[in-house]
Structures are given as C-alpha cells and as structure tokens.
Amino acid sequence: MLGKLLKYDFRSMWKQFSVIWPAALILAFLNRFTMFGMDNPGGSAFGEWMGVISMGLFGGVCFTMVILSAVFVLTRFYKGLLGDEGYLMHTLPVRSWQLVLSKLICALATTVVNGIVGILAMFLMMPLNWDEIFDTQLWQADIILYFLEFLLLLLVMCAAMFMNFYLAMSIGHLFSRRRILMSVVAFFGLNILDSVITSTLHNMDMMNWL
C-alpha cells in the first residue's frame, strides 16, 4: 500500500515540476551560447541583451523552483493529511506512519531532483573540458567516499528538517483557531528546544562521545 501512496504523491510532484525542471535545463543550455558571448568585443548589442535576458530568465526559473519546492513540501503534508484531503487519506487501510513516510520520501525526492537539475544546469551552462575534469586528482576512492557521506548527511538533515515542519504543523492543527499561526509558533518552539538539548549535550561532552 505504501507503493500506491508513493505513486500518488510522485504523480502530484510531476504535475508541479514537469515544466520548471525542463525549463531550467533549456535556459541553462541557451546561456551557454549567450552568456559567454557577452564578453566578446565583437559581439552585437542585441547578443548582449539576449544574454542578459536569458540569464535573468534562468535566475527567475531557479528562484521559482526553490520557492515551489518549499511550498510543495509544506502543502503536500498539510493538505494531504491535515486538510480536506486528509479525511479521505485517513480512511485508507494504511498506518499513519506510512502516510507520513510517503510525504517525506516525496519531499526528499523533490529535493534530490532539484539538486540534480541544478548541477546539470551548471554543467550545461559552462563550457567545461571534460578530459581535465575526469583526469583530476579529486577522483580518488577516499574522496568519493567522503563526498557520498557528505551527500548522505545532507539528505538526513533535510529529512530532519522536513519532519520538524511536519511536527510543527501537526501541533498547530491541534488548536481550533489560528492553526497556521500556532504551527509557526510550534516550529520556533521546537527549534529552541532542539538548540537547548544540543547545547546541553555539548556541555556534557556527549557530542564527542557520540
């Protein structure tokens, strides 16, 4: 049943980002020819303006992608489990943790795909020498392992942040009025509590032990 929930959430994700992701890659590829031609003394004024416009559109698309991702992560949980859609979702023969896990996996997938699109866009936009890139000393086994560990830690941090958002919205939903405001208050309260616990563990030298 978790697979069906994921299928439903991923379908909603694709509807939200099916235009913005290809648009970012296409504009990045166009900037490869317009942006780097702006520094050419023989370039025309029209080419320079096209480079400025293309770069502006690319920046706008990237900004929209980030904002849309944040809105999507929050609204998918709130509307899907705490809003009107939640009345239907909670009648399904699945456990509550599966509903939350489906939203979390979809949110993490959105974050990962955004990162991949951003990296691909940078590669498409900049004229790189692939022989020099793959012939560098950075491509060593220990460096690659450290890099993978860094990516894993980023993913865990994103998961913790999303769960913090989910918990804050769930606490705010317990109130009968001003639920969004109480969710914001709960979010800051949870962050303060997290800081106090982390500081206490640090003072007890528990962090180094862990």
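## Report on a predicted helical model

Arg178 is exposed, as its relative accessible area is 61%. The coordinates discussed here belong to a predicted model. Arg178 sits in the loop that runs between H7 and H8. Its phi angle is near 50°, a positive value in a residue other than glycine.

### The helices on either side of the loop

Helix H7 covers residues 141–173 and contains 33 residues. From its first C-alpha to its last, H7 reaches 48 Å, which is close to the 48 Å expected at 1.5 Å a residue. Several residues of H7 are buried, among them Cys158, Ala159, Phe162 and Asn164. Tyr166, Ala168, Met169 and Gly172 of H7 are buried as well.

Helix H8 (residues 179–203) follows the same description in its own terms: H8 has 25 residues and a reach of 36 Å between its first and last C-alpha, close to the 36 Å expected at 1.5 Å a residue. Its buried residues are Ser183, Ala186 and Leu190, and the elements that cover these buried residues include H7. Just after H8, Asp205 adopts a positive phi of about 60°.

### The salt-bridge network

How many salt bridges does a search of the whole structure find? The search finds two. In one of them, Asp9 pairs with Arg76, and the closest N and O atoms are 2.7 Å apart. This pair links distant parts of the chain, with Asp9 in helix H1 (residues 2–17) and Arg76 in helix H3 (residues 45–82), 67 residues apart. Asp9 and Arg76 are both buried.

Asp9 also meets the side chain of Lys103 in a salt bridge, at 2.9 Å from N to O. Asp9 lies in helix H1 and Lys103 in helix H5 (residues 96–125), so this pair ties together parts that are 94 residues apart in sequence. Lys103, like Asp9, is buried. Through shared partners, the salt bridges join Asp9, Arg76 and Lys103 into one network.

### Surroundings of the network in H1

Ser12 is another residue of helix H1. Its relative accessible area is 15%, so Ser12 is buried. When neighbours within four places in sequence are left aside, Ser12 is in contact with Phe72 and Arg76. Arg76 is thus a contact of Ser12 and a salt-bridge partner of Asp9.

H1 also packs against H5, at an angle of about 40° and with the axes 9 Å apart. The crossing of H1 past H5 is right-handed. On the H1 side, the contact is made by Leu2, Leu5, Leu6, Asp9, Phe10, Met13 and Phe17. On the H5 side, the contributing residues include Gln98, Leu99, Leu101, Ser102 and Lys103. Ile105, Cys106, Ala109, Thr110 and Asn114 of H5 also take part in the contact. Both Asp9 and Lys103, which form a salt bridge, therefore appear among the residues of this contact.

### Aromatic pairs

The structure holds five aromatic pairs. Two of them are set out below.

| Pair | Centre to centre | Angle between planes | Arrangement |
|---|---|---|---|
| Phe77 and Tyr166 | 4.1 Å | 10° | stacked |
| Phe165 and Phe187 | 4.8 Å | 10° | stacked |

A pair of aromatic rings is described by the distance of the centres and the angle of the planes. For Phe77 and Tyr166, the plane angle of 10° is under the 30 degrees that count as stacked. The pair links distant parts of the chain, Phe77 being in helix H3 and Tyr166 in helix H7, 89 residues apart. Phe77 is buried, with a relative accessible area of 4%, and Tyr166 is buried, with a relative accessible area of 3%.

Are Phe165 and Phe187 of the other pair buried or partly exposed? Phe165 is partly exposed, with a relative accessible area of 24%, and Phe187 is partly exposed at 21%. Buried would require a value under 20%. This pair too links distant parts of the chain: Phe165 belongs to helix H7 and Phe187 to helix H8, and they are 22 residues apart.

Phe17, Trp21 and Phe72 form one aromatic cluster. Within it, Phe17 also belongs to the H1 side of the contact with H5, and Phe72 is in contact with Ser12.

Terms used. Residues are numbered from 1 along each chain as its sequence is written. This is a predicted model: local features need pLDDT of at least 70, side-chain atom pairs count only at pLDDT 80 or more; totals for chains, interfaces and linings use all residues. Side-chain values use heavy atoms; hydrogens and water are left out. Helices (H or I, at least four residues) and strands (E, at least two) are DSSP runs, numbered from the N terminus. The expected span of a helix is 1.5 Å times one less than its number of residues. Buried means under 20% relative accessible area, exposed over 50%, partly exposed in between (1.4 Å probe, protein chains only). A salt bridge is a side-chain nitrogen of Lys or Arg within 4 Å of a carboxyl oxygen of Asp or Glu. Contact means heavy atoms within 4.5 Å. Rings of Phe, Tyr and Trp (its six-membered ring) pair if their centres lie within 6.5 Å; planes under 30 degrees apart count as stacked, over 60 as edge-to-face and the rest as tilted. Axes are lines fitted to C-alpha atoms, for helices over the stretch in contact, and angles run from 0 to 180 degrees between N-to-C directions. A crossing is left-handed if the near helix is turned anticlockwise from the far one by less than a right angle, and right-handed if clockwise.
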